[in-house]
Amino acid sequence: MTNTKPRVLIEDWLPVAELGIESRRERAASSALPPLSYLHIWWARRPLVASAAVVLGGLMPSWSDDLAAAFPESDQVQSELQYRQWLLYLVGIRGDVLAAHAEKEAAALAGTRLKHNPFTYKQAYRYAPEESDRALLHAVLIWTWGELPAVADPTAGGGSIPFTSARLGLPTLANDLNGVAASVLHASVALPAIHGDELNAPLKKWGDILVGRVTRELEEFFPAKPGEKVTRYIWANAVSCPRTGRLIPLMRDKWLRKGKGQEVAVRMTTERDGTLLGEPVFEVVSGIEIDKTDAASGTITRGTGISPYDNLVVDSEYIKTEAQAGRMSQVLYAVVVSKPNGDTDFRAPTEEDLEALQAANARLSEVRTVWEAQGILPTEDFPHGNDMRPVMYGMPRWSDFFTSRQLLVHGTFGAEFRNMIPEVHEDLGVERGDAVLFELAAMQGKALNWNSRLSSWNVNYQRMRSVFDSHNFAMKWSFAEMEGAHDIYGWALSQALKSYRDLSAMFEPEGSSTLIADAVSNRSVVQVTQGNAASVPWADGSIAHVCMDPPYYDNVMYAELADYFYVWEKGTLGALIPEFFRDSLTDKENEAVANPSRFETMGRRKKELADLDYETKMTAIFAEAHRVLRVDGVLSVMFTHKRAEAWNTLGMSLLQAGFTIETSWPVNTEFENSLHQANMNSAASTIMLVCRKRDVPGGSTKVYLDDIEQDIRDAARAAARRFQYDGIDGVDLLLSTYGPTLSVISQSWPVYSSVPDSDGKDQLLRPEDALNLAREEVVQLRRSRLVGKVAHIDDMTDFVLLSWDIFGAREFPYDTARLLALAVGGVDVEHLERAKVVTKKAGSVTLLAPSERLRRDADSELPGVRPEAASFEFTIDAVDTALYIAEIDGMPAAKRFLDRHGFTADSAFISTVQGLVNAIPRTRAKGAWIIPEAGLLDTLCTLYFPTITLPETEDLAAPAVQGSLFGDD
């Protein structure tokens, strides 16, 4: 190919609709997740199908006649349509995904159940390219780039990008600052790519030996009755009553199972035969024996306790003080057993259970000093960070996250693993042995995530919740322990074996019994490093495609969470690759996240400094990407965040590092059932930014924002119109305009603000100023869609209309509300709050319902709901007043109000009502409107506004629940 800077496919096209549907399918069922997800937790993994499309799209050339002529025997490249279909095929989309999805949606809308699966193929990630397709792909890439191009991800995290790249047989480089993430990359990407299925047998052999030894060491500490299989133990944290001195188990309720006809709970007894007990005794009850009122009551609510001895409050500060003084203990109150038929049952702890706990405590005391000296048990303190609840509740050291028996279990695994290392080396040799050992060591992370004082029992689903069921260290008043002798590490091994088997199989082409490359050549395909992404060990100009999914501003504090694993795994994984675990804890100093806790001493400036720190680090990372990228190379960045300041920071970092943004693509990657939440909104799309190295500017003329304002508005409007037809809506439609806006700026960079700095000198434009213009264009476009014409009603009304339209929820972030208020007419949130349009709290704002906007006598002239008002300055006040009257006094009273003011013929009032019925989610659950205003508007329009068109209503069996695509296990 003669072009020195090949135009790549993603610069012209990306199948955003198809990828959105397949991304959601990828994680639609927890039993069918990609194997990357069940080896070891990592946070915010990207869908494999979307990652594969971006990796390929950033390398495959745009279709051309020259391409077709270069490969005349290959049908896949003979036309642009065939070429695009080939990309879909390469990423695993083996059918008409749009038609299948449309059939599924139509059935859901009609309320019918399909008798067949409209998707005639498996989830896309399950398909690997055939050998012939892989060979053609490589030939096309060599024709384009002059060599088989390398793909690099400097912030590789959970490994979706390098995994998909290596699976395509491309030279792959993956790096992460965090030692835990680097270990996950080594275990889930490098080792399966290098060794393939040759490790399956030795993994099974040595895994069984390891788990067998752990079982023998621990059996005496986990007794069971004859014929009984114990699987879980359910505990409560406890403190002494401040008045009686007797022990209070801190329980939110006493339920163990709530399924209809299968209810089980515990009954707590505080006295026996008239004698007060020093601590409660528990009895498991079921069926008619349950006092449901008692079962639903607990001893703690929102951190405040209630003593079961005198029914008086136990202050939350007292509980924290007791915990911090080391006086919070743990009480075992139920044992979960599995019956021979597989059913779950419960029983109260026996004397034998309690004696086993004492024996485990004694055994831990015997070995603890030695194990701590050997690095098998953690000794590190919990560090200062954003979530200090563990310290607040008496867990100042990482070892405090576990009961004594849990420490014994995890310590026994670590000790037996270390003892086994020389045996495995003798059997398999050092290199192959280390590969087997590394995969086995990685299963410790699975066990740690499911067996600590922060794991819990899910009463509704009758299963465990992991520590990182949510991405924080939330206190669990009641927690669950997995059976340690037979269950936890036996299960973790089964997960490790399945993960490796499936991962290695995914590197095998369809219809082939051989790996995608022979073992010798494939050893150099994947390189995993641990270090700062601002200083990677890759040669200048060596990478064709830097494809990255960087940390999202302040979304996840990876290092703070990963310490939980790091302190344990440096004794197991670190014994094999010590360079991944050089420090006592993870590196937070160099982590590129907006972390306010690092600037705690700076008071009110801590957030500002955290933002600046994130921008500085991202600029350095992008500058390093600029260094390693070929002159003709491509940088693709996957990013998602609702807050404009996150995009402002990311955009500035890219611009300052020397990149232009060529194009961007929004891919809707969130679960479908999270798109219609009643009370919260969520950004469901990932924005794929496609960047190139900026050419050296040829002129010296300064460019100001005013010079490119119209270009920005045109680009934003075109993007919004284009992507709304691809199913991108709400807050994601706003996000879809950010890439095109940054693109316009980057093409003319440096661009200067139209406003000079405080010294009267020119200052560089902050992307936020241009993003404001983009939001204004989206506001105009969406306003027109809502009311059927380009119409500005008034600032207050427009804000409400656009808020419902964009967020589809009553509550949304303060920052976004502020920017939207500016875009609709220059108002501020404080003004909206004074008008009782919204209320604000803790970084968010909430649209007030009509009943919450009611004005009383003294405030009867202020904006809001005013049934007796003679006139209304803002149309939204008139509409809300009509809805309030309808709700309180009935529709006839509302009709009298409408007639008195002439609103049934008022164009502004009718436009506002039409906009609201289009914008407010018309969703019902079990016959009830999730958002009451939607129901009131529905009735009002049906009775009195025949010209208003009512959209379809969505009926749900139950209210939608927010899901997270990028979960952990």
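Start by selecting tryptophan 255 in this predicted model. Tryptophan 255 stands opposite alanine 265, which belongs to strand 6. Show both side by side, then widen your selection to residues 264–272, the whole of strand 6. Strand 5 and strand 6 run antiparallel to each other and are joined over two bridges.

Next, bring in the rest of the sheet. Which strands lie at its edges? They are strand 5 (255–257) and strand 7 (275–286), and each of these pairs on one side only. Together the three strands make an open sheet with the order 5-6-7 and antiparallel pairing. Turn the view slowly and look for the twist, which averages 25° from one strand to the next. As background, strands of a sheet pair through backbone hydrogen bonds.

Now move on to a pair of helices. Select residues 644–656 for helix 21 and residues 738–747 for helix 24. Their axes come within 11 Å and cross at roughly 35°, and the crossing is right-handed. To see what touches, show Ala644, Trp647, Gly651 and Leu655 on helix 21, along with Tyr738, Leu742, Ile745 and Ser746 on helix 24. How do these contact residues divide? Six are nonpolar, two are polar and none is charged.

Last stop: the cysteines. Pick cysteine 241: its relative accessibility is 3%, so it counts as buried, the cut-off being under 20%. Then jump to cysteine 941, which counts as buried because its relative accessibility is 2%. How many disulfides should you look for? The count comes to zero. A disulfide, for reference, is a covalent bond between the sulfur atoms of two cysteines.

Key:
Residues numbered from 1 in each chain as written. Predicted model: local features only at pLDDT ≥ 70, side-chain atom pairs only at ≥ 80, totals over all residues. Heavy atoms only, no water. Pairing = 2+ DSSP bridges. Helix = DSSP H or I, 4+ residues; strand = E, 2+ residues; numbered from the N terminus. Axes fitted to C-alpha atoms, helices over the stretch in contact; angles between N-to-C directions. Left-handed = near helix turned anticlockwise from the far one by under 90°. Contact = heavy atoms within 4.5 Å. Nonpolar A, V, L, I, M, F, W, Y, C, P; charged D, E, K, R; others polar. Disulfide = S-S within 2.5 Å. Buried < 20%, exposed > 50% of the residue type's maximum accessible area, 1.4 Å probe, protein only.
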